[in-house]
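Biologist: I would like to learn how to read burial and packing in a model. Could you walk me through it?

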Amino acid sequence: MGGKQLSHVLIIQTAFIGDVILMTPLLENLRKISLDTPIDVLINQSNASLLKGHPHIRELLLWNKKEQKYRNLLRLLRKIRDKKYDTIINCHRFFSTGLLTTFSGAGQKIGFDRSSLSRWLDVKVPHRLRGAQHEVDRNLALLKALLPHETSQLERRPQLYPSETDRNWVVSYQSEEYICLAPTSVWFTKQFPPERWAKLIRELPFSGKIYLLGAPTDRDACERIKQQSERTSVENLAGKLSLLQSAALMEKAVLNYVNDSAPLHLASATNAPVCAVFCSTIPEFGFTPLSDFSELVDVGNSLDCRPCGAHGHRACPQQHFRCAYDIEISRLVEVFHKTALLP
């Protein structure tokens, strides 16, 4: 790739951690195509550590949503207008970033046709949640719209950049073989039940360490799983590692068990072996793992109520949560056995 030059680009993605990770192939490919273009990225301030030290980002713009949300949004708008971007690529589809894009003063504004204020975009790209398209490919379609004559094959795998310090931080956990398990999610119906995770840990024929990963707010939930598992080899690391440190640890695991949640995409970004459990959401939404070794486990098409929503719910709308409880633990153990075939 190479040759095409743009003067100044801003990429916007202020949604969840996983959404930011799945935006990174767009960033990687844009850098390869347009080698010297200054690229800025706007994300939610709470996700700032994810792109810390990223080699392809000139400036990381942060939106503080937790304090004075809309005042900070207006401050951002003024900053964006002052920078006089040549191009804005908006991967987000909601009103706040639609407002920033519309009034940015950018020469070219690119986004999805289902975005808020999309009528003011210069280029609109179709966005369909269900179908054969992965979220990465939906984002890369924005780049193809920007550079329609670029014929080189685009890299689809997300990419993060843990620092040497991040990697050194987790070295002490890597002295023997280990499995990582990230049992939580923002949404209850995206989480495989804690007692089922504990049962999996009890039944895994694995003698190495099992690390439980999560945010500080997940520490108590992980501790309960640890206690229920009744195995001394389980260690609760929730709240002890940053996102990039977690990614560095997952990279060398024998296997990573995850929900349809952010750790799934951390695994993709480090090409870590992963088993993803889908409960209320479905793989057809386009958020499946992209690691070379990727296994999906769900109940298939056996429930008429699934999917019950695009993101998940705080409780099962049908009050039975069969999309989780009908998954047999033996299927998760079977994925572990497949790792023996890995080189």
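Modeller: Gladly! A residue is called buried when its relative accessible area is under 20%. Keep in mind that this is a predicted model. By that cut-off, 55% of the 343 residues of the protein chain count as buried.

Biologist: What radius of gyration does the protein chain have, and what would a compact globule with 343 residues have?

Modeller: A compact globule with 343 residues would have a radius of gyration near 20 Å, and the protein chain has 21 Å, which agrees. Along its principal axes, the C-alpha trace spans about 60 × 45 × 45 Å. The protein chain holds eleven helices and twelve strands.

Biologist: Which part of the contacts with a separation of 6 or more comes from residues 24 or more positions apart?

Modeller: Those residues account for 63% of such contacts in the protein chain.

Biologist: Now to the cores. What is the general idea there?

Modeller: In soluble globular proteins, nonpolar side chains tend to be buried together. Here, the largest nonpolar core has 58 residues, and Ile11, Leu213 and Leu249 touch the most other members. Helix α1, residues 17–33, gives the most to this core, with eight residues. There is also a second, separate core of 34 residues, which includes Cys222, Ala238, Leu255 and Cys279.

Biologist: Which residues does isoleucine 11 touch, not counting residues up to four places away in sequence?

Modeller: Among them are Met23, Leu26, Leu27 and Leu30, along with Ile39, Val41, Ile89 and Cys91. Leucine 26 lies in helix α1.

Biologist: Is leucine 26 buried or exposed?

Modeller: Leucine 26 is buried, because its relative accessible area is 1%, and the cut-off is under 20%. Leaving aside neighbours within four places in sequence, leucine 26 is in contact with Ile11, Ile89, Cys91, Asn139, Leu140, Leu142 and Leu143.

Biologist: And where does leucine 212 sit?

Modeller: Leucine 212 belongs to strand β8, residues 209–212. Leucine 212 is buried, with a relative accessible area of 0%. Its contacts beyond four places in sequence include Leu181, Ile201, Cys222, Val234 and Ala238. Leucine 212 and leucine 243 are 31 residues apart in sequence, and their C-alpha atoms are 14 Å apart in space.

Biologist: One last feature: how many positive and negative side chains are there?

Modeller: The protein chain has 43 positive and 35 negative side chains, and the centres of the two sets lie 7 Å apart. As for the surface, the accessible area comes to about 15,600 Å², of which 49% belongs to carbon and sulfur atoms.

Note on methods. Residues are numbered from 1 along each chain as its sequence is written. This is a predicted model: local features need pLDDT of at least 70, side-chain atom pairs count only at pLDDT 80 or more; totals for chains, interfaces and linings use all residues. Side-chain values use heavy atoms; hydrogens and water are left out. A nonpolar core is a set of buried Ala, Val, Leu, Ile, Met, Phe, Trp, Tyr and Cys residues joined through side-chain atoms within 4.5 Å. Buried means under 20% relative accessible area, exposed over 50%, partly exposed in between (1.4 Å probe, protein chains only). Helices (H or I, at least four residues) and strands (E, at least two) are DSSP runs, numbered from the N terminus. Contact means heavy atoms within 4.5 Å. The radius of gyration is taken over C-alpha atoms; the globule rule is 2.2 Å times the number of residues to the power 0.38. Accessible areas come from the Shrake-Rupley method with a 1.4 Å probe; for residues, only the protein chains shown count as cover. Lys and Arg count as positive and Asp and Glu as negative; His and the chain ends are not counted. The place of a charge is taken as NZ of Lys, CZ of Arg, CG of Asp or CD of Glu.
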